[in-house]
Amino acid sequence: MSQGTGSRRSTTNSPEDEQKRIKVDQFYSKLRAVYGKAKYDSQFADAEDLKRSKRNWANEINKLTATQYNLGFKELKKLLQNGDPDYQWPDIGKVIGLCTRAERLKAAHKIFTPLPKPEKTDEQRQRGNEHLEALKRGLI
């Protein structure tokens, strides 16, 4: 009897695989907490549908850094509070996209800090005053 290369899953998971699974479960759990049970449950027909969704999005979720994850969900909450129609229902792809853009969104909202005024020399002040006087004479 020949042995094929069919996909047979190992019954033991490595610690890394277990961490990845936990990260995906936490993502979905956070999604449920943010959207609430009714909206969250409406996205999945049954437990098998939820499992398929987790398998489908696991690679993308596991690519997220902790910073992206935290900033992304923080941004998601803001969008929901502001009534953004694009985020009224759980959409795994949109939320992952929001997480991957989160660091760039944060950077775009840095507070402007002006540069200090340059020091002027006495010579520069004198020339500036002379130019100002010349302008005044031209107007009168």
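# Helices, one crossing and the salt bridges

Author: In this predicted model, 74% of the contacts between residues at least 6 apart in sequence join residues at least 24 apart. The protein has 6 helices and 0 strands, and along the sequence the pattern reads α-α-α-α-α-α. Buried residues make up 19% of the 140 residues.

Reader: How do you know which parts of the protein the predictor was confident about?

Author: The mean pLDDT is 85, and 84% of the residues reach 70 or more. Among the elements, helix α3 (residues 47-63) has the highest mean, 95, and helix α5 (residues 92-108) the lowest, 79.

Reader: Over which residues does pLDDT stay under 50?

Author: That stretch is residues 1-8, for which the model has 0 contacts beyond four places in sequence. Where pLDDT is low, the predicted coordinates should not be read in detail.

Reader: Why are α1 and α3 called roughly perpendicular?

Author: The axes of helix α1 (residues 15-35) and α3 come within 9 Å and cross at roughly 110°. Angles of 65 to 115 degrees count as roughly perpendicular, and the crossing angle is roughly 110°. The two helices are therefore roughly perpendicular to each other.

Reader: What makes the contact between α1 and α3?

Author: From α1 come Lys20, Lys23, Val24, Asp25, Phe27 and Tyr28. From α3 come Leu50, Ser53, Lys54, Trp57, Ala58, Ile61 and Asn62. Sorted by class, the contact has 7 nonpolar, 2 polar and 4 charged residues.

Reader: What makes Asp41 and Lys37 a salt bridge?

Author: Side chains of opposite charge can pair when their charged atoms come close. The cut-off is 4 Å between a side-chain nitrogen of Lys or Arg and a carboxyl oxygen of Asp or Glu. For Asp41 and Lys37 the N to O distance is 2.5 Å, so the pair counts as a salt bridge. Both residues lie in helix α2 (residues 37-42), 4 residues apart, about one turn of the helix.

Reader: How many salt bridges does this rule give?

Author: The count comes to 10. One of the pairs is Lys51 with Glu48, whose closest N and O atoms are 3.7 Å apart. Lys51 and Glu48 both lie in helix α3, 3 residues apart, about one turn of the helix.

Reader: Why are Lys51 and Glu48 called partly exposed?

Author: Partly exposed lies between the buried limit, under 20% relative accessible area, and the exposed limit, over 50%. Lys51 has 45%, so Lys51 is partly exposed. Glu48 has 39%, so Glu48 is partly exposed as well. Asp41 of the α2 pair, at 29%, also counts as partly exposed.

Reader: How do you know whether Arg127 and Glu123 are exposed or partly exposed?

Author: Arg127 has a relative accessible area of 43% and is therefore partly exposed. Glu123 is at 56%, and because the exposed class starts over 50%, Glu123 counts as exposed. The side chains of Arg127 and Glu123 meet in a salt bridge, with 3.7 Å from N to O. Both lie in helix α6 (residues 122-139), 4 residues apart, about one turn of the helix.

Reader: Which residues do salt bridges that share partners join into one network?

Author: The network consists of Glu18, Arg21, Asp25 and Lys54. Asp25 and Lys54 are also among the residues that make the contact between α1 and α3.

Terms used:
Residues are numbered from 1 along each chain as its sequence is written. This is a predicted model: local features need pLDDT of at least 70, side-chain atom pairs count only at pLDDT 80 or more; totals for chains, interfaces and linings use all residues. Side-chain values use heavy atoms; hydrogens and water are left out. pLDDT is the predictor's confidence in each residue, from 0 to 100. Contact means heavy atoms within 4.5 Å. Axes are lines fitted to C-alpha atoms, for helices over the stretch in contact, and angles run from 0 to 180 degrees between N-to-C directions. Angles under 35 degrees count as roughly parallel, over 145 as roughly antiparallel, 65 to 115 as roughly perpendicular and the rest as oblique. Ala, Val, Leu, Ile, Met, Phe, Trp, Tyr, Cys and Pro count as nonpolar, Asp, Glu, Lys and Arg as charged, and the others, Gly among them, as polar. Buried means under 20% relative accessible area, exposed over 50%, partly exposed in between (1.4 Å probe, protein chains only).
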